[in-house]
Amino acid sequence: MRRVFFEGTTVDDLKAYMGPFAERLGYKFNTEIEFVDEVLESELVVLERDGDVYCPCRVRVGDPKEDLKIVCPCIPFYLDEFAALRKCWCGLFIREDVEDGADLIGVIEQPEPGTQVDVPVCLVEDLQPGTARHVKVGKVDLAVVRVGEEVFALSNVCRHAFAPLDEGFVDGYALVCPWHGWRYDVRDGTTDHPNADVRTFPAMIRNGEVLVTVPLGRAR
Amino acid sequence: MKIHLYGLSTCPYCRMTKRYLDDHGITYDMTEVDLLDGDEKQAAIDEVKRLSNGTSFPVLVADDEVIVGFNKTKMADILGI
């Protein structure tokens, strides 16, 4: 849905925009309706004062690129951390599989660095067999590849000339670079060229979603 | 015990924390960081980053102890409530 804010934007307007956006990422509004409304009311205050729906629990630092990361819902920028927490920082959004979000409100605990987290990156239906797509987890660009009913994740950057591998094509278990045809085995990231293998990450399909396992913190 | 609360005027957790402290008769100083300007604001942000390793709010400092977020259990423990 297109993000349009205007004078008189309401909590319901924010819900209508944010709900489907978060849903695509495997999140939903907290089950504590009053809390949700309170947070969104605060976001409207921030919107009027600062011009966008920055998180009311975090402060703008004055760097537009950094401040962009706290525009609600900020889920895409913190996929790995939120997967570990099962909520966004403030608890406005919780993972789809959380039944009662009350316990996830309040404490802001940073997950232990190095924790392995399964990060939902896309729906299976959005990744057809024999195709690849680009996803970003933390600061890492990944190519997620589907071969039949198997999925794989590897660095999206070709080691030859830094081409985006997702723009190439899938040939069996090979992801072929779009620029010069280097072939990467999606199962282990190896290629025929010396010292040019790329990093791979475990990937799986669960409940209609593609998940990639990344070490929290080190993936950044 | 010297207690200082760093918060934002728009933050629900900061409001909850203030309410909790007030309800228990705890006295504290408070800085509402988003209402500051210029160097004063930057100094407060830097201090919050130093204390909490981030820019999450509220940040409650009780002597040497730091509590990030609205955490009743920790507050009760540290403040002797």
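Start by selecting A:Arg49, which is partly exposed, with a relative accessible area of 38%. Keep in mind on this tour that you are looking at a predicted model.

**Stop 1: the partner of A:Arg49**

Now add B:Asp34 to your selection. The two residues form a salt bridge, and their closest N and O atoms are 2.7 Å apart. B:Asp34 sits in the loop between strand E2 (29-32) and helix H2 (38-52) of chain B, while A:Arg49 belongs to helix H2 of chain A, so this pair joins two chains. Is B:Asp34 buried or exposed? With a relative accessible area of 11%, B:Asp34 is buried, because the cut-off for buried is under 20%.

Next, extend the selection to A:Asp50, A:Arg60 and A:Asp67. Together with A:Arg49 and B:Asp34, these residues are linked in a network of salt bridges.

**Stop 2: another bridge across the chains**

How many salt bridges are found across the interface of chain B and chain A? The rule finds two. You have just visited the one between B:Asp34 and A:Arg49. For another, select A:Glu38 and B:Arg15, whose side chains meet in a salt bridge at 3.3 Å, N to O. Searching the whole structure, over all chains, gives 16 salt bridges. As for where this pair sits, A:Glu38 lies in helix H2 (residues 33-50) of chain A and B:Arg15 in helix H1 (residues 12-23) of chain B, so the pair joins two chains. A:Glu38 is partly exposed, at a relative accessible area of 27%. B:Arg15 also counts as partly exposed, with 28% relative accessibility.

**Stop 3: the whole interface**

Zoom out a little and colour the residues where the chains touch. On the chain B side there are 22 residues in contact with 19 residues of chain A. The area buried between chain B and chain A comes to about 1700 Å². Carbon and sulfur atoms give 56% of that buried area.

**Stop 4: a bridge within chain A**

Hide chain B for a moment and pick A:Lys69 and A:Glu66. Their side chains meet in a salt bridge, with 3.3 Å from N to O. Click on A:Glu66 by itself: this residue is partly exposed, with a relative accessible area of 37%.

**Stop 5: a buried glutamate**

Which strand holds A:Glu209? Select strand E12 of chain A, residues 209-215, and you will find A:Glu209 there. Its relative accessibility is 9%, so A:Glu209 counts as buried. To see what surrounds this residue, show A:Gly26, A:Arg95, A:Glu96, A:Pro120, A:Cys122, A:Leu123, A:Val124 and A:Met204. A:Glu209 touches each of them, leaving aside residues up to four places away in sequence.

**Stop 6: chain A as a whole**

Finish with a cartoon view of chain A. You can trace four helices and twelve strands. Along the principal axes, the C-alpha trace of chain A spans about 55 × 35 × 30 Å. Of the 220 residues in chain A, 50% are buried. Now think about which parts of the sequence meet: among contacts in chain A with a separation of 6 or more, 51% are between residues 24 or more positions apart.

Switch to a surface view next. Chain A exposes about 10900 Å², and carbon and sulfur atoms supply 49% of this area. Last, colour chain A by charge. There are 24 positive and 39 negative charges, and their mean positions are 5 Å apart.

Technical notes:
Residues are numbered from 1 along each chain as its sequence is written. Chains are lettered from A and ligands numbered from 1 in the order in which they are written. This is a predicted model: local features need pLDDT of at least 70, side-chain atom pairs count only at pLDDT 80 or more; totals for chains, interfaces and linings use all residues. Side-chain values use heavy atoms; hydrogens and water are left out. Buried means under 20% relative accessible area, exposed over 50%, partly exposed in between (1.4 Å probe, protein chains only). Contact means heavy atoms within 4.5 Å. Accessible areas come from the Shrake-Rupley method with a 1.4 Å probe; for residues, only the protein chains shown count as cover. Lys and Arg count as positive and Asp and Glu as negative; His and the chain ends are not counted. The place of a charge is taken as NZ of Lys, CZ of Arg, CG of Asp or CD of Glu. Buried area is the accessible area (1.4 Å probe) that two parts lose on being put together, summed over both. A salt bridge is a side-chain nitrogen of Lys or Arg within 4 Å of a carboxyl oxygen of Asp or Glu.
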